[in-house]
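The following report goes through one protein chain, from the confidence of the model to its strands, helices and salt bridges. Please keep the structure open while reading.

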Amino acid sequence: MKRASRALLFLSIFGILFAEFLHAFSFHYDERIKSFYQLKKGTADVVFLGCSHTYRNIDPSVLWEKYGYTGYDLGSPAQWTSLSYYQMKEAIKAQHPKVIVYEAYKCYHQKEYPEEAVTVKAVSGIRDLQNKWQAITANVEDPDQRIYYFLEFPWFHSRYEELKAADFAPAKKEELSDCYLGYDPYFASVPTDMDGAAEVTEVKPLSDKTLYYLDEMRRLAAENDCEFMLLLTPYKLDFSKKQPYYNALEQYARENNVPFFNMDYMFDEIGLDEETDIGRSRHLSLSGAYKVTEYLADYMHEHYDLTDHRGQKGYERWEENAALLGEYRSGTKVTEEKTEDEAAE
């Protein structure tokens, strides 16, 4: 009996220590998708996919504030179309949203495979193991390396030289434990000259891989009775180089009857102000993200059959999130903006 108790105690202590080890040594790339899984199933009606332009430029609290719609930003840094598709599969399984919006900034890539860090940050935290493996297989060229992406653990050895005391501290939660429903705002504005979005008429074809996954996203949406939209939020960086691919994307959307907005041409229509609505790295500030999301909310209200969940039980997360970000927008609550170095950690 004593031996069994000791074994149980040993296993308990080992489990606690191992969990702390994983927390300290992991790269913490998957908080956004972990928070997504914490939502009650079937409560997120609109899911936004894509790169940092998704979670920097789209504020789900605006959907709630205006119409009571429930949204979530399920993006990851530099997320390619071939990775967004597998995030879309995860979103449909976990939430079965009514609308999925793909922020397609990264669709211009002509290479076959993303960089390691891009894939790691997109697949880390995916729960459906079959979906995770398929995502890795499609985005990692070397078959011998794929198991490392799947297990994640083999990467930890490279972390020991950069560990800080904070890595061993209990995991810090955001104010609502959900990264503002996936949104990662830039609270401070950086006046930025955004000129240079001259009309570009050249068309360069999207890669076969990008086209394949756009088709798969449309198919998946149709099979699950889900509306599908394509979007480019305002950026205007390297515009002349990327716009020919976005012209091809616009043609694709038109040919396949998919709603598409290239907001680099919509500054005036949206009402963006270069003095107040741009944050760091030409992403949008809190006020800029509000204006962009307000435009999308109005479009969805007019064209889609979405439910106003305000006042309904089970949707308190969205109500609390909208109230908090409303305080930041009004100036009644302030936060200290991180430096570039802090944000990169």
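The text below takes up confidence, a central strand pairing, two helices, a loop residue and the salt bridges.

**Confidence**

The model is predicted. The chain has an average pLDDT of 84, and 78% of the residues score at least 70. In residues 14–25 the pLDDT is below 50, and this stretch makes 19 contacts in the model beyond near neighbours in sequence. Residues 339–345 also have a pLDDT below 50, with six contacts beyond near neighbours in sequence. Where pLDDT is low, the predicted coordinates should not be read in detail.

**Strand E3 and its partners**

Strand E3 covers residues 99–103; five of its five residues are buried, so the strand is largely enclosed by the rest of the structure. Both of its faces are covered: Val99, Val101 and Glu103 lie on one side, with Ile100 and Tyr102 on the other. Strand E1 (residues 46–50) runs parallel to E3 and is joined to it by five bridges. In this pairing Leu49 stands opposite Tyr102. E3 is also joined by five bridges to strand E4 (residues 227–232), again in parallel. Here Val101 stands opposite Met229.

**Helices H6 and H8**

Helix H6 spans residues 116–123, and its residues Val118, Thr119, Val120, Ala122 and Val123 are buried. These buried residues pack against helices H5 (81–95), H7 (129–139) and H8 (146–151). After H6 comes Gly125, which has a positive phi near 95 degrees.

On the surface, Trp133, Ile147, Tyr148 and Leu151 form a nonpolar patch with about 370 Å² of accessible area together. H8 supplies the largest share of the patch, three residues. Tyr148 belongs to H8, and its relative accessibility of 36% counts as partly exposed.

**Thr335**

Thr335 is placed in the loop between helix H14 (316–330) and helix H15 (340–344). Its relative accessible area is 36%, which makes Thr335 partly exposed. Leaving aside residues up to four places away in sequence, Thr335 touches Phe187 and Tyr328. Its C-alpha atom is 9.0 Å from that of Ala188, although the two residues are 147 apart along the chain.

**Salt bridges**

The whole structure contains 12 salt bridges. Three of them are listed here with their N to O distances.

| Acidic residue | Basic residue | Closest N to O distance |
|---|---|---|
| Asp184 | Arg56 | 3.3 Å |
| Glu65 | Arg329 | 2.8 Å |
| Glu223 | Arg219 | 2.8 Å |

Asp184 and Arg56 form a salt bridge that links distant parts of the chain: Asp184 is in the loop between helix H9 (165–168) and helix H10 (208–223), Arg56 is in helix H3 (residues 52–57), and they are 128 residues apart. Asp184 is partly exposed at 29% relative accessibility, whereas Arg56 is buried at 11%.

Glu65 and Arg329 also form a salt bridge, and this pair too connects distant parts of the chain, with Glu65 in helix H4 (residues 60–67) and Arg329 in H14, 264 residues apart. Glu65 is partly exposed at 35% relative accessibility, and Arg329 is partly exposed at 25%.

Glu223 and Arg219 are four residues apart in H10, so about one helical turn separates them. Glu223 counts as exposed at 54% relative accessibility, while Arg219 is partly exposed at 30%. Elsewhere, salt bridges with shared partners join Asp59, Glu65 and Arg329 into one network.

Conventions
Residues numbered from 1 in each chain as written. Predicted model: local features only at pLDDT ≥ 70, side-chain atom pairs only at ≥ 80, totals over all residues. Heavy atoms only, no water. Buried < 20%, exposed > 50% of the residue type's maximum accessible area, 1.4 Å probe, protein only. Helix = DSSP H or I, 4+ residues; strand = E, 2+ residues; numbered from the N terminus. Pairing = 2+ DSSP bridges. Contact = heavy atoms within 4.5 Å. Patch = residues over 30% accessible without salt bridge, like charges linked within 9 Å, V, L, I, M, F, W, Y side chains within 5 Å. Areas by Shrake-Rupley, 256 points an atom, 1.4 Å probe, with all protein chains shown as cover. Salt bridge = Lys/Arg side-chain N within 4 Å of Asp/Glu carboxyl O. pLDDT = per-residue confidence, 0-100.
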